[in-house]
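I opened this notebook to keep track of what I looked up in one structure. The entries follow the order in which I went through it.

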Amino acid sequence: MSEQQKSVIIIGAGMSGLGTAAYSQMNGYQCTVFELHETPGGCCTSWQRKEYTFDWCISWLNGTGTNNEMATIWDELGCLENVPIYNTEIFNSVVTANGEKIRFYVDPDKLESTLIERFPEDSKLIIELCGHIRKLRKCMPYFPFLKSGGLMTWWEKSKMMWQLLPYMRTFMKTLAVTMEDFSKRFSNPTLAEALNWIIFDRHSELRLMPFVFNLACAANQNAGVPSIGSLGLAKRLANRAKELGANIHYKSKVEHILTDNNRAVGVQLADGSVHYADYVVASCDSYKLTRKMLQNRYPHPVLDKLFTKLEEDANSVVFPGCVAVFIAVDADYSDHDPYTSYLLPESISRQLVGNYHSGIGVQIRNTLYPDHAPSGKSVLYVTYLSSSEAWQAMEQSVVQSTSSGQSRNPYTRKRRSPEYKQAKKKVGQAIIEFLNQYFEGLTDKVEFIDVVTPLTSERYTENHNGTVLAWHPFAPLTEELENYQIKHGPTFPNLDNFYYTGQWSTFSGVTHSTASGRYVAQYLCRQDKKPFRVCCPEQQNTKQHITNEADNYA
Ligand SMILES: Cc1cc2nc3c(=O)[nH]c(=O)nc-3n(C[C@H](O)[C@H](O)[C@H](O)COP(=O)(O)OP(=O)(O)OC[C@H]3O[C@@H](n4cnc5c(N)ncnc54)[C@H](O)[C@@H]3O)c2cc1C
């Protein structure tokens, strides 16, 4: 490290921590990343079970297209170079409890014509919905993604507003209404309910905006699936950060942030070792960051309000976790729609521990990731949003394993109660029993299953209650946090040389979290009064798009 070069310690090798490392290295900082798990990626991960790969994360990745700032992030980081991208013609299908199926096509023209043909009584609202999607498709190149609002100059903000002006009406209309309220205006009850399930689970409390935004991204082939999978993407980013000079240490849990005179100066790891740097960046759960790592010594005007609510009722501010059941099957289900939400009868729904809604999302994972199952076999990926508390109740006596075997990671090993293990098994069985009517011979052809709960998620990522998306998007306090950060940056008022990043600081999602690392590098440069720069990989970016056509499905 040269005398001039400043050092940065980053807590967490999720996509935001790795993004921070890559962009900070590009700007002359020497980064050291500490990650408690033994692989990079955090939530963006997958794992191997026999000849199958179980991919936990990416169902779509924003920025797989071209000519928009989300795509620029991946181009700059070189993560999607020469990677085949899979797109689908169907965003999701919804099958009601009495077996009626509605397909939500990616192409707004096809979506509009198929829905109007079937539900002519709702033509006006269908046209309105598809109109929003078309409008957002057009404004994709102007969505700001490369700089946080807090770093934009007056001129940049004015330019952005000018470019977005023609789309403001759509923004306002889709941000003003939740999907629940929008869907209530439809007269056909089946369509009204199905709309709430477009994003796999029932997201009635979400604004209309994220629905139309993601449909617009998909229509622009900007929400595809990279064939390298979630862990493959994370590994590419980790390699890029390392090529740029970052050091990444796995099985290294940060216990405390060291401060001196209200300035972050380093970290203490769980093994007792201490490490010093000019800056510390936390890319992990902000509740544990504040309460444990900073030991409540640094108040934050908005985070403290969020934490008070979180302690009263976590669900009021934190997005829930989910249960994921991976089913390895010796059968080829590639003729099924790749994504389908099934609404459940009460008899099945009540068997799903912790569920909020009577439905499950089912993906034929190997349609999107052909390498994830051997030829002629399938991986079904079944998910439902679940409370963490329902699982915690079975785990009153969760014990940190004392095993000290060399290959074991003391920070992620847990001994689970027999009751918890039994409950996971029963959830898997109930789902297989239900799906048997839609997937011929399923019960007999299951090879094995793997059930992931919100507790599994918390165990491997330390995210509160195993949340899927950190703070509730668009909730009033989340917006207050966003506004605070625009004014003051992702910082604590009385702690210098410290930043936080990732899904707890911004919107979540793989691309957003990765982009938040870029923002922190920009803040570092601003603090050190130097221009921010990017050095792109030399190779030309060539993405190969493959579309799974709807005609392929039964
Ligand atoms: C089931 C599921 C499906 C999803 N599907 C999609 C999708 O289809 N598309 C999409 O865009 N997004 C999806 N997301 C969201 C996306 O994965 C996340 O928003 C994003 O990956 C978050 O990245 P992050 O770096 O901010 O946080 P994390 O991924 O949580 O990374 C934080 C890292 O910090 C580490 N850490 C925590 N505490 C410590 C400590 N004390 N010391 C050292 N290390 C520590 C953790 O181990 C972890 O690796 C999904 C999420 C889940 C859970």
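**Entry 1: Glutamate 193**

Which residues does glutamate 193 touch, not counting residues up to four places away in sequence? I found Arg202 and Leu343, with contact meaning heavy atoms within 4.5 Å. Before going on I noted that this is a predicted model, where local features need pLDDT of at least 70 and side-chain atom pairs count only at pLDDT 80 or more, while totals for chains, interfaces and linings use all residues. Residues are numbered from 1 along each chain as its sequence is written, and side-chain values use heavy atoms, with hydrogens and water left out.

I placed glutamate 193 in helix 8 (residues 189-195). Helices (H or I, at least four residues) and strands (E, at least two) are DSSP runs, numbered from the N terminus. Glutamate 193 counts as partly exposed because its relative accessibility is 28%; buried means under 20% relative accessible area, exposed over 50%, and partly exposed in between (1.4 Å probe, protein chains only). I also looked up serine 204, 11 residues from glutamate 193 along the chain, and the C-alpha atoms of the two are separated by 9.3 Å.

**Entry 2: Domains**

I took the domain bounds from an automatic or database domain assignment. The assignment gives domain 1 (7-56 + 227-314 + 471-527), domain 2 (110-222) and domain 3 (321-387 + 389-452).

I then looked at domain 2 against domain 3. Their centres, taken over C-alpha atoms, are 31 Å apart. In contact are 6 residues of domain 2 and 11 residues of domain 3. The two domains bury about 690 Å² between them, and 66% of that is on carbon and sulfur atoms. Of the area that domain 2 buries against domain 3, Trp197, Phe200 and Asp201 supply 78%, more than any other three residues. Buried area here is the accessible area (1.4 Å probe) that two parts lose on being put together, summed over both.

I found 0 salt bridges across this interface, a salt bridge being a side-chain nitrogen of Lys or Arg within 4 Å of a carboxyl oxygen of Asp or Glu.

**Entry 3: Strand 18**

Is strand 18 (residues 378-386) enclosed or open? I noted that 9 of its 9 residues are buried, so strand 18 is largely enclosed by the rest of the structure. Ser378, Leu380, Val382, Tyr384 and Ser386 point one way, whereas Val379, Tyr381, Thr383 and Leu385 point the other way.

I looked up its partners next; two strands pair if DSSP finds at least two bridges between them. Strand 15 (residues 321-329) runs antiparallel to strand 18 and is joined to it by 9 bridges, with valine 323 opposite tyrosine 384. Strand 17 (residues 359-364) is also antiparallel to strand 18, through 4 bridges, and valine 362 has valine 382 as its bridge partner.

**Entry 4: Helix 11 and histidine 464**

In helix 11 (residues 286-293), 6 of the 8 residues are buried. These are Ser286, Tyr287, Lys288, Leu289, Thr290 and Met293. What covers them includes strand 1 (7-11), helix 12 (303-312) and helix 18 (454-461). Just after helix 11, glutamine 295 takes a positive phi of about 50 degrees.

I found histidine 464 in the loop between helix 18 and helix 19 (476-488). Histidine 464 is buried, with a relative accessible area of 13%. Leaving out residues up to four places away in sequence, its contacts include Asp285, Tyr287 and Lys288.

**Entry 5: Salt bridges**

How many salt bridges does a search of the whole structure find? I recorded 21.

Arginine 49 and aspartate 450 meet through their side chains in one of these bridges (3.0 Å, N to O). The pair links strand 3 (residues 46-49) to strand 21 (residues 446-452), 401 residues apart. Arginine 49 is partly exposed at 36% relative accessible area, whereas aspartate 450 is buried at 14%.

Arginine 518 and glutamate 76 form another (2.9 Å, N to O). Here helix 20 (residues 510-527) is linked to helix 2 (residues 69-77), with the two positions 442 residues apart in the chain numbering. Arginine 518 is buried at 6% relative accessible area, and glutamate 76 is buried at 6%.

My last note is that Glu51, Lys377 and Glu447 are linked in a network of salt bridges.
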